[in-house]
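Please find below a colleague's note on the structure shown here, set out as numbered points.

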Amino acid sequence: AEQKTTADHVRNSVSQAVELALSAYESPLRLASARLARTPRDAQAILDGLLEGKTPYLAVYLIRPDGLLLLSGASPNRSFRPPLGQTNLDGYPELRRAHEQNRFVWSDRFLSIVTGDVVLAVAAPAGKHILVAEIASENIRGVAHESMAQTPAPLLIVDGRGEWVSSNSP
């Protein structure tokens with residue numbers, strides 16, 4: 001019983017630490033999604049602003065509920081911009097879930113058709129559309145690894161499909 005209590009405590013501590021760290025990725029998106037809902041005409045400037053300076057995002061874009069790409073932020077680090085109105089992200093239902101459930105939703109790891117990188121994405125409702133920010137898998141693994149660093153027991157973090165995200169053992 002004591003081992004179970006200790007294991008539950010460790011799991012809860014790590015979970016809270018990871019959630020707190022991931023909320024740092026969500027904070028700028030909360031402001032942006034509220035601005036997009038209020039002033040959709042400023043959408044391109046809002047998206048571009050999310051990619052300025054030292055940003056954790058590889059790409060940010062706005063999609064319709066049916067998955068069609070409306071706008072993409074212009075990253076100074078990337079020359080590729082996906083074709084608007086022709087790029088369909090309908091194959092990523094977790095992104096659409098943000099709009100359906102009116103809340104932030106994190107994806108599993110996937111190969112981005114926008115950046116060509118293996119990423120995780122966080123999606124947020126933004127008025128009639130969905131704001132999506134892609135984050136490098138390595139960044140998420142780093143956050144998870146730091147959260148587990150002080151845990152003596154071996155831990156493994158997997159995504160919703162059961163794929164490895166991070167662990168505290170070599």
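The points go from the overall fold to the cores and then to single residues.

1. This is a predicted model, in which local features need pLDDT of at least 70 and side-chain atom pairs count only at pLDDT 80 or more, while totals for chains, interfaces and linings use all residues. Residues are numbered from 1 along each chain as its sequence is written, and side-chain values use heavy atoms, with hydrogens and water left out.

2. The protein contains four helices and eight strands, in the order α-α-β-β-α-β-β-β-β-α-β-β along the sequence; helices (H or I, at least four residues) and strands (E, at least two) are DSSP runs, numbered from the N terminus. Of the contacts with a separation of 6 or more, 49% join residues 24 or more positions apart, a contact being heavy atoms within 4.5 Å.

3. Of the 170 residues, 42% count as buried, where buried means under 20% relative accessible area, exposed over 50%, and partly exposed in between (1.4 Å probe, protein chains only). The protein exposes about 9400 Å², of which carbon and sulfur atoms supply 53%, with areas taken from the Shrake-Rupley method with a 1.4 Å probe.

4. The largest nonpolar core (buried Ala, Val, Leu, Ile, Met, Phe, Trp, Tyr and Cys residues joined through side-chain atoms within 4.5 Å) has 22 residues, and Leu29, Leu36, Leu50, Tyr57, Val60, Leu62 and Leu131 touch the most other members. At least two residues of this core come from each of α1 (2–38), α2 (43–50), β1 (57–63), β5 (118–126) and β6 (129–136), and α1 gives the most, with six residues. A second, separate core of 16 residues includes Ala59, Ala98, Val132 and Ala136.

5. Leaving aside neighbours within four places in sequence, Leu29 is in contact with Leu50, Tyr57, Phe104, Val122, Leu131 and Ala133. Ser33 is found in helix α1 and, at 9% relative accessibility, counts as buried; residues up to four places away in sequence not counted, Ser33 touches Ala124, Pro125, Ala126 and Leu131.

6. In α2, the buried residues are Ala43, Ile46, Leu47 and Leu50. They lie on the same side of α2, because they cover an arc of only 95 degrees around the axis, the arc being that of the directions from the helix axis to the C-beta atoms.

7. Asn102, in the loop between α3 (93–101) and β3 (105–106), has a phi near 55 degrees, a positive value in a residue other than glycine. Asn102 is exposed, with a relative accessible area of 59%.
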